[in-house]
Amino acid sequence: MTERARHLDAADPLGHFRERFAVPEGVIYLDGNSLGCLPKATPARLEQVVREEWGKDLIRSWNSASWIDLPQRVGAKIAPLVGAQPHEVIACDSVSVNLFKLISAALAMRPGRTVVLSEPGNFPTDLYMIEGLEQQGLAKRRLAPRDELAGALDDDVALLLLTHAHYKTGELFDMIALTRAAHDAGALVLWDLSHSGGALPVDLAACEADLAVGCGYKYLNGGPGAPAYAFVAERHQAALRQPLSGWMGHAKPFAFSDDYSPAPGVDRMLCGTPPILGLAALEVGVDLIAEIGIAPLHAKSQHLSEFFRQCLAESGVELELVSPADPARRGSQLSFRHPQAFAICQALIARGVIGDFRDPDILRFGFAPAYLRFADMAEAVRNLAEVMQTGEWQRAEFGERGAVT
Ligand SMILES: *Cc1c(COP(=O)(O)O)cnc(C)c1O
């Protein structure tokens, strides 16, 4: 295992990019799909924004350092990573807030239809945001299992809201087929790319997607609570009305008019003053992922996860795989089911192998291909096998849950 990993690492064309990230000594980080690693260039960039742009130039920096254009600039850099045009993506707010804006806007674009269709077990915030709109009398939530979604698309459905790569299992949706099915039924589609953007090929243009959102702090390495991004296809931009009509989404914010008039294009997705520190950090992460390139990242991600599975098979540990066995049908992760998943995960973390647990029984390992080595796969499996074979996970300390699991 170790010998083979050494050869694979030596031949890895992306191997040298690991040096561009601050991966802590003694840690095997299999949680880049929850919080990406710190790019080494980020602290210096933040230092510059804080000390120079804010500290010295103060309010002048909105113009002189182009702070005011940062949401559009970062959005334009994210766009090619998800198959969009630069003026179709903007970096702003959280995924949750962007979901609220875009679900509302989609409902307004389909008058007479009120149903927002999704799948049970979708990421909670996606389901909760539909529920919030339902409580306001603006939407009806309909959930159908993934193989029944097409049949649940009827004349009442305004919007199909799905997450491309499932957060627990990593299973992918066929974006082209489902977008087409929704369009055939007269509905719009909103894709949540949180677990795919920055790690897998996504082609919003090819699937004729209407709307999308994605996360800045996972595979884009923007840091904790990094701004998210929103996509609005060019053909919908003029008609899009989102309800958070804050002044930064106004056509002329500095005219200080009493009446709201939305900015042209995707800029109307903005609400309040953009978080410059967060956007500056996100830009560094996005630049780095764009430099590496999605195609090589995806190839390595598939290779890493298949190597992990081979190591696991050789170790003799038996765990039920809940991710699709075919790497073409899953995101950059492997999830396993075990009744003691929480304690096993804690025991691994104590050994420096950081994966995560998803309630109630899922052990999830994310493979951020930008900074992981094949040697990390072999080491992680060696530790997992020891934890399982010695029963180490049964120690009392590994049963205690913190606030964030
Ligand atoms: C991580 C994630 C989010 C995060 O939403 P925030 O509001 O930015 O915290 C949303 N949707 C999915 C599918 C996610 O994986």
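Begin by selecting Arg-382, which is partly exposed, with a relative accessible area of 36%. The model on screen is a predicted one, and every value quoted on this tour is to be read in that light.

**Helix H12 and its charged residues**

Keep Arg-382 selected and add Glu-379, since the two form a salt bridge in which the closest N and O atoms are 2.8 Å apart. Both residues belong to helix H12, where they sit three residues apart, about one turn of the helix. Glu-379 is likewise partly exposed, at a relative accessible area of 32%. Now widen the selection to Arg-351, Glu-386 and Glu-392, for salt bridges with shared partners join these residues with Glu-379 and Arg-382 into one network.

One member of that network, Glu-392, is found in the segment after H12. With a relative accessible area of 17%, Glu-392 is buried, because the limit for that class is under 20%. If you draw a distance from the C-alpha atom of Glu-392 to that of Ala-44, a residue 348 positions away along the chain, the viewer should give a separation of 41 Å.

Return to helix H12 and select Asn-383, which counts as buried at 6% relative accessibility. A second distance can be drawn from Asn-383 to Leu-190: the two are 193 residues apart in sequence, and their C-alpha atoms are 40 Å apart in space.

**Where H11 meets H12**

Next, show residues 341–350 as helix H11 together with residues 374–390 as helix H12, and look at how their axes come within 10 Å and cross at roughly 125 degrees. That angle makes H11 oblique to H12, because it falls neither in the range of 65 to 115 degrees that counts as roughly perpendicular nor over 145 degrees, where a pair would count as roughly antiparallel. The crossing of H11 and H12 is right-handed.

**Two further salt bridges**

The structure holds 31 salt bridges, and two more of them deserve a stop. Select Glu-119 and Arg-146, whose side chains meet in a salt bridge with an N to O distance of 2.9 Å. This pair links distant parts of the chain, 27 residues apart: Glu-119 lies in the loop between strand S3 (115–118) and helix H6 (124–135), whereas Arg-146 lies in the loop between strand S4 (140–143) and strand S5 (157–163). What is the relative accessible area of Glu-119? Glu-119 is buried, at 4%, whereas Arg-146 counts as partly exposed at 22% relative accessibility.

Then move to Asp-356 and Arg-358, where the side chains meet in a salt bridge of 3.6 Å, N to O. Here Asp-356 is buried, and Arg-358 is buried as well.

**Backbone details in the loops**

Stay in this part of the sequence and select Asp-359 and Pro-360, which are joined by a cis peptide bond with omega of about 0 degrees. Pro-360 is found in the loop between strand S12 (356–358) and strand S13 (362–366). As background for this stop and the next two, most residues other than glycine have a negative phi, and most peptide bonds are trans.

Go next to Glu-208, in the loop between strand S6 (188–192) and strand S7 (211–214); phi of Glu-208 is near 55 degrees, a positive value in a residue other than glycine. Asn-221 follows, in the loop between S7 and strand S8 (228–232), and its phi is near 60 degrees, again a positive value in a residue other than glycine. Asn-221 counts as buried, at 3% relative accessibility.

**Helix H7**

Select Ala-181, which lies in helix H7 (residues 175–184) and is partly exposed, with a relative accessible area of 22%. Adding Leu-153 shows a pair that is 28 residues apart in sequence and 7.8 Å apart in space, C-alpha to C-alpha.

**A nonpolar patch on the surface**

For the last stop, switch to a surface display and select Val-50, Trp-54, Leu-58, Ile-59 and Leu-277, which form a nonpolar patch on the surface with about 500 Å² of accessible area together. Within that patch, Leu-58 lies in the loop between helix H2 (42–54) and helix H3 (61–64). Is Leu-58 buried or partly exposed? Its relative accessible area is 47%, so Leu-58 is partly exposed.

Notes: Residues are numbered from 1 along each chain as its sequence is written. This is a predicted model: local features need pLDDT of at least 70, side-chain atom pairs count only at pLDDT 80 or more; totals for chains, interfaces and linings use all residues. Side-chain values use heavy atoms; hydrogens and water are left out. Patches are made of residues with over 30% relative accessible area and no salt bridge: like charges are joined within 9 Å, nonpolar side chains (Val, Leu, Ile, Met, Phe, Trp, Tyr) within 5 Å. Accessible areas come from the Shrake-Rupley method with a 1.4 Å probe; for residues, only the protein chains shown count as cover. A salt bridge is a side-chain nitrogen of Lys or Arg within 4 Å of a carboxyl oxygen of Asp or Glu. Helices (H or I, at least four residues) and strands (E, at least two) are DSSP runs, numbered from the N terminus. Buried means under 20% relative accessible area, exposed over 50%, partly exposed in between (1.4 Å probe, protein chains only). Axes are lines fitted to C-alpha atoms, for helices over the stretch in contact, and angles run from 0 to 180 degrees between N-to-C directions. Angles under 35 degrees count as roughly parallel, over 145 as roughly antiparallel, 65 to 115 as roughly perpendicular and the rest as oblique. A crossing is left-handed if the near helix is turned anticlockwise from the far one by less than a right angle, and right-handed if clockwise.
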